[in-house]
There are 2 protein chains.
Amino acid sequence: MPVYTVSNVQNIRVCVVMVGLPARGKSFISQKIVRYLSWLSIQAKCFNVGNYRRQHAGAEQPNADFFDFGNKEAYKIRQHAVTMAVEDMMRWFNEKGGVVAILDATNSTSERREWILKLCRENAIEPMFLESWCDDQDLILRNISEVKTTSPDYQGIDPDVATKDFLERISKYESVYEPLDEEVDKDKTFVRLINVAQQVIINRIETYLESRIVFYVMNLHIRPRSIWLSRHGESIYNVEKKIGGDSHLSPRGLQYASKLPELVKRSAGDVDLTVWTSTLVRTGETAQHLPYKQLQWKALDELDAGVCDGMTYEEIEEIYPEDFKARDDNKYEYRYRGGESYRDVVIRLEPIIMELERQENILIITHQAVLRCIYAYFMNVPQEESPWMSIPLHTLIKLEPRAYGTNVTRIKANIPAVSTYKEKGTSQVGESDLNSGNSRSVLTSAPELNEQQEST
Amino acid sequence: MPVYTVSNVQNIRVCVVMVGLPARGKSFISQKIVRYLSWLSIQAKCFNVGNYRRQHAGAEQPNADFFDFGNKEAYKIRQHAVTMAVEDMMRWFNEKGGVVAILDATNSTSERREWILKLCRENAIEPMFLESWCDDQDLILRNISEVKTTSPDYQGIDPDVATKDFLERISKYESVYEPLDEEVDKDKTFVRLINVAQQVIINRIETYLESRIVFYVMNLHIRPRSIWLSRHGESIYNVEKKIGGDSHLSPRGLQYASKLPELVKRSAGDVDLTVWTSTLVRTGETAQHLPYKQLQWKALDELDAGVCDGMTYEEIEEIYPEDFKARDDNKYEYRYRGGESYRDVVIRLEPIIMELERQENILIITHQAVLRCIYAYFMNVPQEESPWMSIPLHTLIKLEPRAYGTNVTRIKANIPAVSTYKEKGTSQVGESDLNSGNSRSVLTSAPELNEQQEST
């Protein structure tokens with residue numbers, strides 16, 4: 001019997017059918033939903049009709065005329081693209097055990113939507129229409145300039161020309177666009193987001209999975225902001241190579257705590273931020289000099305090692321050799337006796353992620369496993385990799401969410417610390433992250449610099 | 001620094017202003033919100049204008065003419081009632097540290113709502129309008145017959161006469177009712193529930209607390225259903241008087257597991273239900289013979305006793321005397337070293353409660369502390385009492401949520417078990433719940449029968 005995850009409360013498959021004119025953030029929302037659900041171990045995939053169209057139509061870049069609904073030949077190509085996308089989607093549901101698919105396209109006419117609805121019903125899939133409706137011209141223009149001029153359709157084309165052509169393309173769609181209607185569509189399951197969730201209309205949401213997606217989408221915002229992540233400073237237990245516990249910081253850990261305000265200030269400037277810590281002593285001590293509002297969360301406490309709490313990896317290997325091996329074999333699923341697995345941590349972090357989506361600038365001071373899980377959410381790191389990521393001590397990580405990914409900067413404090421990174425198949429941890437000069441990051445092959453940029 | 005609870009993420013005070021005709025479930029929703037928030041330790045209170053009107057107007061029962069908007073004298077009385085309610089509410093915010101108030105009244109005119117809006121703004125309180133709009137005549141009539149004929153306004157009056165008068169009262173309100181309008185009210189924070197959340201319109205929800213209330217309300221339903229609660233059968237650890245751990249059932253515990261299907265069948269009849277267990281061995285063993293779909297939830301695991309896990313209360317008193325006393329002094333807040341408090345358990349149970357609200361018939365097999373927390377939610381048990389409730393082993397509890405409370409039935413299996421109930425100020429637990437014949441329930445003073453009814 002599998003342990004509860006969101007997906008298996010009901011045996012439901014959902015197709016989220018995006019609706020809306022170009023440049024309304026449909027792809028942004030689609031990708032966020034996929035990332036969120038995947039992080040929660042729910043099989044989710046986005047089917048972007050534009051990509052199918054580009055594959056089918058070849059490399060030639062279409063101009064706005066291609067999107068004229070009177071252009072019969074182009075219309076046939078576009079019709080073919082959506083058919084291919086939907087066929088792939090159905091195959092994915094039926095052969096790959098898909099749970100939530102996002103059909104990312106304008107789906108701007110009622111006729112198109114009825115066609116998809118019928119296909120879904122025939123395949124026992126719940127269709128949920130998700131319309132992004134926007135009449136805030138500033139928002140639309142920002143979206144056009146930020147995202148669409150980097151679209152494959154406009155590669156190598158002068159941004160001004162691209163913007164003009166894109167506006168023309170939008171007007172072609174406007175001529176046939178039929179928004180969802182509270183009366184006409186009252187028997188369908190749908191969500192209408194008006195000007196990025198300023199107003200939300202929710203109709204006939206009947207399953208848990210749908211309600212989770214809706215709540216998530218309601219909490220998204222697009223105001224610019226940053227999130228900073230740091231592990232606590234080196235602790236006494238780190239030095240003694242023990243896991244878990246609730247020990248104080250080592251002298252070097254206290255040094256990191258003293259230096260942290262300066263690192264944060266350098267990265268954040270004068271923006272107002274809030275510090276979140278766990279309830280364990282070592283994160284509170286690390287945050288002690290930070291001149292910001294602070295909040296403690298039990299949900300940010302370290303992965304519970306159960307009976308192994310307070311042991312070294314050598315001791316665990318000796319006393320629980322089978323467990324030690326089982327954890328190496330599947331670190332994400334392995335649950336310490338009387339403790340937690342990475343999966344368990346993800347489930348308890350879900351409200352934290354939801355709250356992070358709502359908030360603006362937040363600095364989180366937490367623990368290795370918890371930080372890996374949060375990082376995995378923002379950077380879309382697969383489950384088999386996330387428990388093995390290197391997140392060294394005495395390093396501040398800055399995340400800047402963008403329309404199609406997240407920028408990462410790592411800022412090292414240049415204060416030595418033991419390494420707590422245990423490689424697969426050994427019970428040894430490295431001596432010092434800083435001194436070894438050995439970057440174990442799975443996220444980048446670049447040499448570790450003091451300030452280093454990655455992006456998804 | 002307080003540990004995170006929902007309330008203190010932002011320093012916000014919210015007035016939920018109910019809107020809607022009589023018999024639209026406003027009081028039901030108001031009371032559910034108050035119960036939910038109180039359970040999450042958020043200071044919440046409902047101010048029902050009808051109660052103020054009855055206090056002010058005295059014992060005389062008003063008929064529908066009283067609610068005619070042309071009746072100047074009655075109108076003055078009603079105006080006075082709402083003024084008193086709002087004054088009390090503001091006092092509660094300002095003097096008692098109130099966080100969420102619900103103003104439960106029809107608030108059916110735009111003028112009334114603007115007046116409340118202005119008052120809220122002057123007091124730095126966020127007004128959130130929550131309208132229950134319903135044109136489903138079956139729903140309305142069901143609501144009228146279930147709830148309103150038991151209203152203090154109709155005490156001792158023939159139900160048919162009462163219904164007729166009440167329908168007339170509703171029509172008086174209909175003549176002046178102005179629903180919230182997506183265009184006119186677009187700058188206000190509001191939620192419109194159409195036919196019990198079949199459609200939901202959400203406008204300008206800007207704070208976390210508001211979004212939590214909205215998500216909760218979205219998940220409510222009013223279909224009849226029952227929830228059954230049971231602790232696992234007596235475990236080896238129970239017999240050895242040890243707390244925590246992950247032991248198997250004792251022979252008597254296995255007997256309970258064998259008898260449970262019959263107890264459930266007797267209480268549930270042929271309804272389809274789903275069984276939820278924790279991830280610990282003893283709940284799985286208790287559920288093993290139940291012929292229903294089963295789901296495991298980590299969030300249903302017992303309160304984590306940290307370093308005290310596996311000890312007897314005598315040992316805890318000896319080894320950690322200060323902790324032992326601290327826990328007795330404030331059992332709700334006390335967090336075991338490296339473990340959890342009741343408050344922590346409530347926070348991790350919140351998704352379970354949300355899911356329970358969505359579902360229909362569920363049987364939960366879990367642990368003493370977790371069961372106390374779930375029971376406290378449904379029965380509105382105050383925090384200082386809930387950790388001290390007696391929830392004996394080998395007893396099935398049936399909860400039937402109703403419009404204004406929850407009916408409880410306790411069904412004893414008549415299989416002896418040790419008592420795991422520890423009274424305040426002692427480290428002793430009773431010998432056997434069944435044999436002692438000593439009811440420790442704080443919920444009822446009735447003798448413990450095999451089937452026993454309580455209600456809130």
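1. For the charge count, Lys and Arg are taken as positive and Asp and Glu as negative, while His and the chain ends are left out. On that basis chain A carries 55 positive and 66 negative charges, and the mean positions of the two sets are 1 Å apart. The model discussed here is predicted.

2. Overall dimensions of chain A. The C-alpha trace spans about 75 × 50 × 40 Å along its principal axes. Chain A has 456 residues, and a compact globule with that number would have a radius of gyration near 23 Å; the value for chain A is 24 Å, so the two agree. The secondary structure consists of 15 helices and 13 strands.

3. Burial and surface. In chain A, 60% of the 456 residues count as buried. The exposed area of the chain is about 18600 Å², and 48% of that area is supplied by carbon and sulfur atoms. As for contacts between residues at least 6 apart in sequence, 70% of those in chain A join residues at least 24 apart.

4. Nonpolar cores. Which residues touch the most other members of the largest nonpolar core? They are A:Val100 and B:Val100, in a core of 158 residues. Beyond its neighbours within four places in sequence, A:Val100 is in contact with A:Val14, A:Val16, A:Leu37, A:Ile42, A:Gln43, A:Ala44, A:Lys45, A:Trp92, A:Phe93, A:Leu209 and A:Ile213. There is also a second, separate core, with 62 residues; among them are A:Trp92, A:Ile201, B:Phe66 and B:Ile116. A:Trp92 therefore appears both as a contact of A:Val100 and as a member of the second core, where membership rests on buried residues of listed types joined through side-chain atoms within 4.5 Å.

5. A:Phe67. This residue sits in the loop of chain A that runs between helix H2 (49-57) and helix H3 (72-96). Is A:Phe67 buried or exposed? Its relative accessible area is 2%, so A:Phe67 counts as buried, the cut-off for burial being under 20%. Not counting residues up to four places away in sequence, A:Phe67 touches A:Arg53, A:Pro62, A:Arg78, A:Arg169, A:Lys172 and A:Tyr173. From A:Phe67 to A:Val239 the C-alpha distance is 63 Å, with the two positions 172 residues apart in sequence numbering.

6. A:Ala85. Helix H3 of chain A holds A:Ala85. Its relative accessibility is 0%, and A:Ala85 therefore counts as buried. The contacts of A:Ala85, leaving aside neighbours within four places in sequence, are A:Phe47, A:Val49, A:Tyr52 and A:Leu103. With A:Tyr52 the C-alpha separation is 6.5 Å, although A:Ala85 and A:Tyr52 are 33 residues apart in sequence.

7. A:Pro127. Strand S4 (residues 126-133) of chain A is the place of A:Pro127. At 5% relative accessibility, A:Pro127 is buried. Outside the four-place window in sequence, A:Pro127 is in contact with A:Cys15, A:Leu117, A:Cys120, A:Arg121 and A:Thr189. How far apart are the C-alpha atoms of A:Pro127 and A:Val14? They are separated by 5.9 Å, while the two residues are 113 residues apart along the chain. A:Val14 is also one of the contacts of A:Val100.

8. Two residues with positive phi. A:Ser41 is not a glycine, yet its phi is positive, at about 65 degrees. A:Ser41 is in the loop between helix H1 (26-39) and strand S2 (44-48) of chain A, and with a relative accessibility of 22% it counts as partly exposed. A:Val196, likewise a residue other than glycine, has a positive phi near 50 degrees. The loop that holds A:Val196 lies between strand S5 (190-194) and strand S6 (199-203) of chain A. A:Val196 is partly exposed, at 36% relative accessible area.

9. A position in chain B. B:Arg266 is placed in helix H9 (residues 251-268) of chain B. Its relative accessibility is 48%, so B:Arg266 counts as partly exposed; the exposed class begins over 50%. The C-alpha atoms of B:Arg266 and B:Ile411 are 9.8 Å apart, and the two residues are separated by 145 residues along the chain.

Conventions
Residues are numbered from 1 along each chain as its sequence is written. Chains are lettered from A and ligands numbered from 1 in the order in which they are written. This is a predicted model: local features need pLDDT of at least 70, side-chain atom pairs count only at pLDDT 80 or more; totals for chains, interfaces and linings use all residues. Side-chain values use heavy atoms; hydrogens and water are left out. Helices (H or I, at least four residues) and strands (E, at least two) are DSSP runs, numbered from the N terminus. The radius of gyration is taken over C-alpha atoms; the globule rule is 2.2 Å times the number of residues to the power 0.38. Buried means under 20% relative accessible area, exposed over 50%, partly exposed in between (1.4 Å probe, protein chains only). Contact means heavy atoms within 4.5 Å. Accessible areas come from the Shrake-Rupley method with a 1.4 Å probe; for residues, only the protein chains shown count as cover. The place of a charge is taken as NZ of Lys, CZ of Arg, CG of Asp or CD of Glu.
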